[in-house]
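Let's take a friendly walk through this model, from a sheet in one chain to the DNA strands and then a pocket. Keep the structure open beside you as you read.

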2 protein chains.
Amino acid sequence: MDQNRKSKRIPPTTVARLPLYLRCLEEIKLKKIRSISSFELAELTGHNAAQLRKDLSYLGEFGTRGVGYDTTELIRQIGKWLGVAAVRSVVIVGAGHLGRALCNYAGFFNKGFDVVDIYDKDKSKIGTEIAGFKIKHIDELEVNNSANIDVAIIATPAGEAQDIVDRLVSIGVSSILNFAPTKIEVGKGICVRNVDFSAELQIIGFHLASIEHGLSSDCC
Amino acid sequence: MDQNRKSKRIPPTTVARLPLYLRCLEEIKLKKIRSISSFELAELTGHNAAQLRKDLSYLGEFGTRGVGYDTTELIRQIGKWLGVAAVRSVVIVGAGHLGRALCNYAGFFNKGFDVVDIYDKDKSKIGTEIAGFKIKHIDELEVNNSANIDVAIIATPAGEAQDIVDRLVSIGVSSILNFAPTKIEVGKGICVRNVDFSAELQIIGFHLASIEHGLSSDCC
DNA sequence: CTATGTGAAGCCCTTCACAGCC
DNA sequence: GGCTGTGAAGGGCTTCACATAG
C-alpha cells in the first residue's frame, strides 16, 4: 500500500545507466537549464533517445509531451529510485593504497555514501590516521557490529576477500563493492558488485591484440 | 594469411569474461590441476557451462571431447587473444590518491601492463617520487611523445579529463581507461573504457532503496 | 559413456515507429 | 507542430539439447 505503480521489474541495464543520467542532469541544472528533451539528454549521455525514454518510462511518467523533461523534477525522480536522499554508512576493509585512496574520495560523500570506518589486518597500521579516520583492526568488525553498515568496500588482497565478506555478511551487511580480483560467493539476498582494474586493462589488451592480428574488432 | 580461422566477431560480453576465465585457470594451474571440464570451470567462474563452451568456441576448438580442456593449453589460447605476451606501456595521468594507488598496483605489471610514467598538472607535485616514478608535468606529454604509449589511465578530476584525452589522442594513444566520472568523447578507432566508483555505489543504492520500498529487486 | 562444439529456441534489451498528448 | 510513452519489430546473448568425437 506504499505506491500502486505497476511494480514491473526494471532491467539491470537500465539501472546501470541511471547514475550517468543523474550526473548529466545535475551538470545541466548547474547551467540553469530548466528543461531537456530525450534527444538532448541522450546526446549528452551517449545513448539513443528511444532508449532513454524507455529507461525513464520504467520509473514513471515524468515528461511533458511536446516539451520534454523538467530538469529538477527528473533529478528528483531518478534520485528517488537510486535512494540518494538516504545517507548510507560505508566501511572500507583494507587500508592499502587503494583503500586509502577510496577513503579520500570526496565523490562518495556527495552522493550520500558516508565512509564511517576503515579496517585492516596489519597491526602496524592500526591507529594510523587516513583522511581523519583511525584505522581499526578487522577483529573489531564484530565488536562494532552495533554500527549499522549499509555497504562494505573490499580493498583487500584477493586471498582475504572471501573470509572478510563472510564475516561482514554474518554481522548483517547485505551490499558489497568488491575491488579484490577474486570471485566472491554469497548467499541469496546479498548484493555484490565487482570492480576489477586488471580485467579492464585486459579487455583493452584484447582490442590491441585484435588490431595487431589485423582483425577489426570494430573497437569498444 | 595469418590464420585462416573463420574470423567471426567475438561478442563483447564474451571478451569481458575472458579475464575471469584466465584468472581462474591460472589459479587451478597453481594447484597442479592439468585438465578441467566446462562444468568445473563454469562453477568456479559463476557462469553456465554452455555459455563457457560457447565463449571458448568463438576463440577456437581447444577441448577434447569426453575429457575436457587442458589447463595449460587453454591459458595459452585465452592469453593469445588477450595479448598477454605483449608488454604494454601504460601512462597514468593524475597523481592524486587514485593515481598513486594505481602506480603502486602490482597486479598490472603481472599481466603485462607496464606503468612507465605518471603525469600531473600541479607544479608542486612535479619531481616527487611515487613507487619509484618521478611525477612529470603533463606538458611533457607531447615532448616525450617519442615514447610509445599503448594505454593511458585517466585519474584526473572530471573537468580535466576530456582535455587530457584529446591531447593523448593527438600524440597517438588509442586506448584509454577512464576513472574520471565524466563522459569522454573520442573519434573512431579510439577505445575508451570507463570505471566509475560512485556509479557502482549508486547501483547498490538502487537495490537498497528497492528493498526499503518493499520491492524485491531480486537482487544483483 | 563422457564431455565438447553448435544449431536452434528462448529471453532480454535495443531500436523503431507511431499513437497520444501538450 | 513537437516530444513523450509504448507496442512491436529487430538483434544479440544465453541456454538448451543433441550430434559429434574420443
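A good place to begin is a pair of residues: B:Ser175 stands opposite B:Cys191 in β11(B). Before going on, please note that this is a predicted model, in which local features need pLDDT of at least 70 and side-chain atom pairs count only at pLDDT 80 or more, while totals for chains, interfaces and linings use all residues. Residues are numbered from 1 along each chain as its sequence is written, chains are lettered from A and ligands numbered from 1 in the order in which they are written, and side-chain values use heavy atoms, with hydrogens and water left out.

**Two sheets**

Strand β10 (residues 175–178) of chain B pairs with β11(B) in the parallel sense, over four bridges. Here strands are DSSP runs of E with at least two residues, helices are runs of H or I with at least four residues, and both are numbered from the N terminus. Two strands count as paired if DSSP finds at least two bridges between them. β10(B) and β11(B) belong to an open sheet of six strands with parallel pairing, in the order β8-β5-β4-β9-β10-β11. β8 (136–137) and β11 (191–194) of chain B are at the edges and have a single partner strand each, so one side of each is left without a neighbour in the sheet.

Chain A offers an open sheet of three strands, in the order β1-β3-β2, and its pairing is antiparallel. Its edge strands are β1 (35–36) and β2 of chain A, each of which pairs on one side only. β2(A) is joined to β3(A) by two bridges, and A:Thr64 has A:Gly68 as its bridge partner in β3(A).

Chain A is also divided into domain 1 (12–82) and domain 2 (88–199), with bounds that come from an automatic or database domain assignment. The C-alpha centres of these two domains of chain A lie 32 Å apart.

**Around the DNA**

Which residues come nearest to DNA strand D? Of the 26 residues around the strand, they are A:Ser38, A:Arg53, A:Tyr69, B:Arg17 and B:Arg65; a residue is near a strand if one of its heavy atoms lies within 4 Å of it. Sugar and phosphate make up 64% of the atoms of DNA strand D that come within 4 Å of the protein.

For DNA strand C, 28 residues are around the strand, and A:Gln51, B:Ser38, B:Arg53, B:Gly66 and B:Tyr69 come nearest. Of the atoms of DNA strand C within 4 Å of the protein, 67% belong to sugar or phosphate and the rest to bases.

The table gives some polar contacts, which are pairs of N or O atoms within 3.5 Å.

| Protein atom | DNA atom | Distance |
|---|---|---|
| A:Gly63, polar backbone atom | phosphate oxygen, DNA strand D | 2.9 Å |
| A:Gly66, backbone N or O atom | sugar or linking oxygen, DNA strand D | 3.1 Å |
| A:Tyr69, side-chain N or O atom | phosphate oxygen, DNA strand D | 2.7 Å |
| B:Arg53, polar side-chain atom | base nitrogen, DNA strand C | 2.8 Å |
| B:Gly63, backbone N or O atom | phosphate oxygen, DNA strand C | 3.0 Å |
| B:Gly66, backbone N or O atom | sugar or linking oxygen, DNA strand C | 3.2 Å |

The largest share of the surface near DNA strand D, four residues, comes from α3(B). For the surface near DNA strand C, α3(A) gives the most, with four residues. By class, the surface near DNA strand D has six nonpolar, ten polar and ten charged residues. Near DNA strand C the residues divide into seven nonpolar, eleven polar and ten charged. In this scheme Ala, Val, Leu, Ile, Met, Phe, Trp, Tyr, Cys and Pro count as nonpolar, Asp, Glu, Lys and Arg as charged, and the others, Gly among them, as polar.

**A pocket**

The second largest pocket has a volume of about 730 Å³. Of the 37 residues lining this pocket, A:Tyr105, B:Thr156, B:Pro157, B:Ala158 and B:Pro181 are the closest to its centre. A pocket is an open set of points, on a 1 Å grid over the protein atoms alone, where a 1.4 Å probe fits, with protein on both sides within 12 Å along at least five of seven lines; lining residues have an atom within 4 Å of a point. The volume is the space filled by probe spheres set on the points, which are joined across faces, edges and corners. α1(A) gives the most to the lining of the second largest pocket, with four residues. The residues of this lining divide into 17 nonpolar, eleven polar and nine charged.

Definitions and conventions. Polar contact = N/O pair within 3.5 Å; in protein donor to acceptor, adjacent residues only side chain to side chain.
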